[in-house]
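Biologist: Please examine one helix of this protein closely, and place it in the context of the whole chain.

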Amino acid sequence: MSKEMALCAFDMNCVGHQSQGLWRHPRDRSSEYHSMKYWQDLACTLERGLFDGIFLADVTGLYDVYGKSPDAALRAAVQVPTNDPFTIVPAMAAVTKHLSFGVTGSIPYEMPYTFARLMSSLDHLTEGRIGWNIVTGYLDSAAKGAGKKKKEAHDTRYDIAYEYMQVVYRLWEESWEEGAVVRDRDSGVFTDPSKVHQIDHKGEYFELHAVHLCEPSPQRTPVLFQAGTSSKGQAFAGGHAECVFIGGETPEGQAKSVKALREQAVAHGRDANDLKIFASISVVVAPTDKEAEEKLADYMQYGSHEGALALLSGWTGFDFSTLDPDATVEQTKSDAIQSVLAAHGFSTVREWSTNLMVGGVGHVLVGSPQSVADQLQNWFEVSGLDGFNLTRTVTPECFEDFVDLVVPELQERGIYKRSYQPGSFREKLFGKSGRLSKPHPAVEYRK
């Protein structure tokens, strides 16, 4: 039996996610992002297509590196305005039974005590369909919004993340024992106090003395996503992540990243298959190759060069407004997202911005359902990936087209499921227990 491809939609609770300027397209509905119906319609489409989940990106702060001002980002709706990603999960969960939700939560701006309650609450409400994308933040504007002068250095942010995980693991796994909740109407005892424990933690970055506010949720610890590709990020993923989101422009290049990440997992005493590795991809599909190329050309005329460069400047920490559009971009050591430039190689500023107008940093596959399926299958097999995060272009059209045209072709080839597995997000992805198991470090805290 062929290995089945996992699929998540890649989106953000905003107007302009990665495909800059496409909100202007007459068929694009992303400006309805503040509508509950918009997200519920999308969730129903994804579940109809048997998507494993929707991966919700988020960023705290404004992209204000380009021109040393947020003006370009504001004009082009570059991930602003943006609403909280966690708030739309219950709305989507209410109209679906299987679709899961990987939500970005930034460690520097979420206090462990309240964040642990938020995730447990969502795990309860979704009946175990919640995941957390662990990010460490990369914008100085976000740090300033939290009362700091600037963000911490890259490696320091990961040091903070390691300690943060200790705290939330203890809240989720240690504070309440199994059987603590008895719900005994006759005795009047709802919770057995002897099975509930205060967590005492005093570390370099966090201090906490508290009982977790929630009873154990279906998964206890949510499914853990992580997207760092630096050496620190890969080491963190090897020790903690269950799902990893990587970049890269070719399946051969991604195969190297996949191999390195699986080696990191083994180095941490885990099985190489304890990681599900996803890559970003965009698809422009139509009944024929010619129609798909025409659709891509139609999309491109709405793209925003300024918006794309504002996004790239924020990612890299380098102000691209200082360069001529036809200047060659040299790789720059950055304390922001270090992999962005390296993943794509050298090109001109104009080529960079054009590349980001449709699909963002992910590769764009264009063609008929058969052509797209050929490309996806080859990418899947050569890279060793477990699946893809499908990045939006014109929405919801891009997801509807994929579900209606590409999914049946993938199913016919035996590389995509025809029905959902029962159970929680973790059970669906890994086919085993809904809760973390050894040797994951969270389990050592469980009583």
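Modeller: The account below turns to helix α14 after a short view of the chain. This is a predicted model, in which local features need pLDDT of at least 70 and side-chain atom pairs count only at pLDDT 80 or more, while totals for chains, interfaces and linings use all residues. Residues are numbered from 1 along each chain as its sequence is written, and side-chain values use heavy atoms, with hydrogens and water left out.

The protein chain holds 15 helices and 13 strands, taken as DSSP runs (H or I, at least four residues, for helices; E, at least two, for strands) numbered from the N terminus. Of its 447 residues, 56% count as buried, that is, under 20% relative accessible area with a 1.4 Å probe, protein chains only.

Helix α14 comprises the 16 residues 397-412; at 1.5 Å a residue they should span 22 Å, and the end C-alpha atoms lie 23 Å apart, which agrees. The expected span is 1.5 Å times one less than the number of residues. Even so, α14 has a kink of about 40° at Val-406, shortly before the proline Pro-408; the bend is the angle between axes fitted to the seven residues ending there and the seven starting there.

Val-406 is itself buried, as are Val-407 and Glu-409 beyond the kink position, and the buried residues of α14 also include Glu-397, Phe-399, Asp-401 and Phe-402. Their cover includes the strands β1 (6-12), β11 (276-285) and β13 (387-391), together with the helices α1 (36-48), α9 (289-300) and α13 (369-383). Contact here means heavy atoms within 4.5 Å. After α14 comes Gly-414, with a positive phi near 80°.

Notes:
Buried means under 20% relative accessible area, exposed over 50%, partly exposed in between (1.4 Å probe, protein chains only).
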